[in-house]
Amino acid sequence: MIILTSLVSGIMILAGLVFFLGGSIGMIRLPDFYSRLHSAGMLDTMGLMLTMGGMALYIIHDLTLNNVLSALKIILIVVFIFITSPTATHAIVDAGIRAGMKPWRKRGSEAGK
Amino acid sequence: MKTKLKKAAFVTTFSITFLILFLFWCIFSGKFDAFHLSLGVISCLLICWATSSDLLIVPPQISRLVRLWSGFVIYIPWLIWQIILANIHVLVLVLSPDMDKRINPKIIKFKSRIKDTVGLVTFANSITLTPGTITVALNMYGDMVIHAIDDESAAALPGDMEKKVAKLFGE
């Protein structure tokens, strides 16, 4: 049982790290402020979900009350990030628009919004 | 507000808020001896006494709230699945060597048919949570401005998600 949970949680944490890495690479590669937020805000949420899920799974491999409580707390972290992350991303985009920053457009695509 | 309420409604909201708060106290404290539990009861009672009429539950809508939360139980797994799919899409996009050809950042505008303000916020947050699309602006009449990273993400809106959120809020 412990081998199975360790294996599954290890895979989940590794997959989460891939998403974090993708988010960081996207931050460098994408062309402008707004499109960088896609990778900064969203891939991180997914990476957090996977790594935290892996940890919660690992911690309940022996079912004592304390371990279950710790797993519940980890899940609550994910829940709160899920509510606050899009709100924060929206606030940053809104600040950019209010400051008058124009989104980057691909050359040759139709002009304007 | 408290004075206007019927007594029964007040007792219901008070006890539900108390139970939710106390459950969270138990999870966060993790100690189940008499001292810590009584501290929890006292602080939860204090908070309920001060704010229970509008902290978690707005009293006139209890039946609506039950329907809403049962709807969320169905909606959230679907949303998580959509988030996973869209995340993989953006991950592939970001890591692909010909990223410059595949992305096409654009701003799209549309009018949502959702009327409920909480529904609109849920819809906007769902859009932002799904990678590839960010809600830029939203007003209470349902005019939405979305920043999308490529054509595929832009084409998916408003689509299924709006239907599900509208159904959730009974429209």
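In this predicted model, residues 117–138 of chain B are 59% helix and 27% strand. The end C-alpha atoms of this span are 10 Å apart. The unreviewed UniProt entry annotates residues 117–138 of chain B as a transmembrane region, together with residues 6–27, 34–52 and 72–96. Among these, residues 72–96 of chain B form a span that is 96% helix and 0% strand, with end C-alpha atoms 35 Å apart.

Chain A also carries the annotation "transmembrane region" in an unreviewed UniProt entry, which places it at residues 6–28, 40–60 and 72–97. The table sets out four annotated spans from the two chains.

| Span | Helix | Strand | Distance between end C-alpha atoms |
|---|---|---|---|
| Residues 117–138 of chain B | 59% | 27% | 10 Å |
| Residues 72–96 of chain B | 96% | 0% | 35 Å |
| Residues 6–28 of chain A | 100% | 0% | 33 Å |
| Residues 72–97 of chain A | 100% | 0% | 38 Å |

**Chain B as a whole**

Chain B contains seven helices and three strands. Their order along the sequence is α-α-α-α-β-α-β-β-α-α. Chain B has 171 residues, of which 28% count as buried. Of the contacts in chain B with a separation of 6 or more, 65% are between residues 24 or more positions apart.

**The contact between the chains**

How many residues does each chain bring to the contact? Chain B contributes 25 residues and chain A contributes 31 residues. On the side of chain B that touches chain A, at least two residues come from each of α3 (62–95), β1 (106–111), α5 (117–129) and β2 (133–138). The largest share of that side, six residues, is supplied by α3(B). By residue type, the side of chain B that touches chain A consists of 16 nonpolar, eight polar and one charged.

**Helix α1 of chain A**

Helix α1 of chain A runs over residues 2–29 and has 28 residues. From its first C-alpha to its last, helix α1 of chain A reaches 40 Å, close to the 40 Å expected at 1.5 Å a residue. Which residues of α1(A) are buried? They are S9(A), M12(A), G16(A), F19(A), G22(A), G23(A) and G26(A). The annotated span at residues 6–28 of chain A is 100% helix.

Terms used:
Residues are numbered from 1 along each chain as its sequence is written. Chains are lettered from A and ligands numbered from 1 in the order in which they are written. This is a predicted model: local features need pLDDT of at least 70, side-chain atom pairs count only at pLDDT 80 or more; totals for chains, interfaces and linings use all residues. Helices (H or I, at least four residues) and strands (E, at least two) are DSSP runs, numbered from the N terminus. A residue is buried if 20 or more other C-beta atoms lie within 10 Å of its own, exposed if 12 or fewer, and partly exposed in between; C-beta atoms are placed from the backbone. Two residues are in contact if their C-beta atoms, placed from the backbone, lie within 7 Å. UniProt positions are given in the numbering used here, feature names are shortened, and annotations may be inferred rather than shown by experiment. Ala, Val, Leu, Ile, Met, Phe, Trp, Tyr, Cys and Pro count as nonpolar, Asp, Glu, Lys and Arg as charged, and the others, Gly among them, as polar. The expected span of a helix is 1.5 Å times one less than its number of residues.
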